[in-house]
Amino acid sequence: MTTTLSDGPAAPVPVLVVLPDGQELTARLWARRETPRGWLYEVGLPVYRNTEDGDVQAAEYRVWVRAPEHVRPVDGVVYDAVPTERLPAPSAVREVLGLRRPSGWVLQKAGGRRPGPAVLHAVDCTDAPQNAPQLSLERALDVAEQLGTRLCSLCGAAQELDPMLRGFEQIENG
């Protein structure tokens, strides 16, 4: 997006932008945004543009760049007033449990070149067939109860579904 130098709601602060060829250029920092992959900074690079009447006008090209790879602070400049979007803090549950596996189940059907029982896998199992339809928990439990279906022990399908199929008492008494 190219804008004239008079555009913009707040006064940006100077920042050094490292160009692809290694040159550093003083630009204006408009905003910062935290993403799951790191920080992005919206910077305005000074440029010239041609007007419709054939004149040349000072302008600014705004672009999001990765920080700190493509930006450096300017000595003596305070960045506290720069509009900043942070990711929401993780919930206490997420902090305690960590990342959880995706929900869902996949059935590897018997037959074809793989004789033997059908196998029920967690959706993220490395042995699960690609592009197979995803089953809900209720449907997975129905399939697991069918004769000729076994639960994958590699991905933990057996450990997760057995208590629901056979009751939790079996674990406590086992």
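Does Thr149 count as buried or exposed, and at what relative accessibility? In this predicted model, Thr149 has a relative accessibility of 17%. The cut-off for buried is under 20%, so Thr149 counts as buried. The residue belongs to strand β11, which spans residues 149-151. A polar atom of the Thr149 side chain lies 3.2 Å from the backbone oxygen of Val143. Beyond its neighbours within four places in sequence, Thr149 is in contact with Leu107, Ala118, Leu120, Val143 and Ala144. Val143 thus appears both in this contact list and in the polar pair.

Leu151 lies further along the chain. With neighbours within four places in sequence left aside, Leu151 is in contact with Leu120, Ala144, Ala157, Ala158, Leu161, Asp162 and Leu165. Leu120 and Ala144 are contacts of Thr149 and of Leu151.

Leu151 also belongs to the largest nonpolar core, a set of 19 residues. Those with the most contacts inside this core are Trp105, Leu120, Leu151, Cys152, Cys155, Leu161 and Leu165. Four elements give two or more residues to the core: strands β8 (105-108) and β9 (118-122), and helices α2 (137-144) and α3 (157-166). A second, separate core holds 13 residues, including Val13, Val17, Tyr79 and Val82. Nonpolar side chains tend to be buried together in soluble globular proteins.

Strand β2 covers residues 13-18. Five of its six residues are buried, and the strand is mostly covered. β2 pairs with strand β3 (residues 24-35) in the antiparallel sense, over six bridges. Val18 has Glu24 of β3 as its bridge partner. Five residues separate the two strands in this hairpin. Gly22 takes a positive phi there, near 95°.

β2 has another partner in strand β6 (residues 71-72). The two run antiparallel and are joined by two bridges. Here Val17 stands opposite Val71 of β6. Val17 is also a member of the second core.

Across the whole chain, there are four helices and eleven strands. Of its 174 residues, 31% count as buried. Contacts between residues at least 6 apart in sequence were also assessed; 48% of them join residues at least 24 apart. The chain exposes about 12,200 Å², of which carbon and sulfur atoms supply 53%.

Conventions: Residues are numbered from 1 along each chain as its sequence is written. This is a predicted model: local features need pLDDT of at least 70, side-chain atom pairs count only at pLDDT 80 or more; totals for chains, interfaces and linings use all residues. Side-chain values use heavy atoms; hydrogens and water are left out. Buried means under 20% relative accessible area, exposed over 50%, partly exposed in between (1.4 Å probe, protein chains only). Two strands pair if DSSP finds at least two bridges between them. A polar contact is a pair of N or O atoms within 3.5 Å; within protein, one must be able to donate a hydrogen and the other to accept it, and residues adjacent in sequence count only if both atoms are side-chain atoms. Contact means heavy atoms within 4.5 Å. Accessible areas come from the Shrake-Rupley method with a 1.4 Å probe; for residues, only the protein chains shown count as cover. A nonpolar core is a set of buried Ala, Val, Leu, Ile, Met, Phe, Trp, Tyr and Cys residues joined through side-chain atoms within 4.5 Å.
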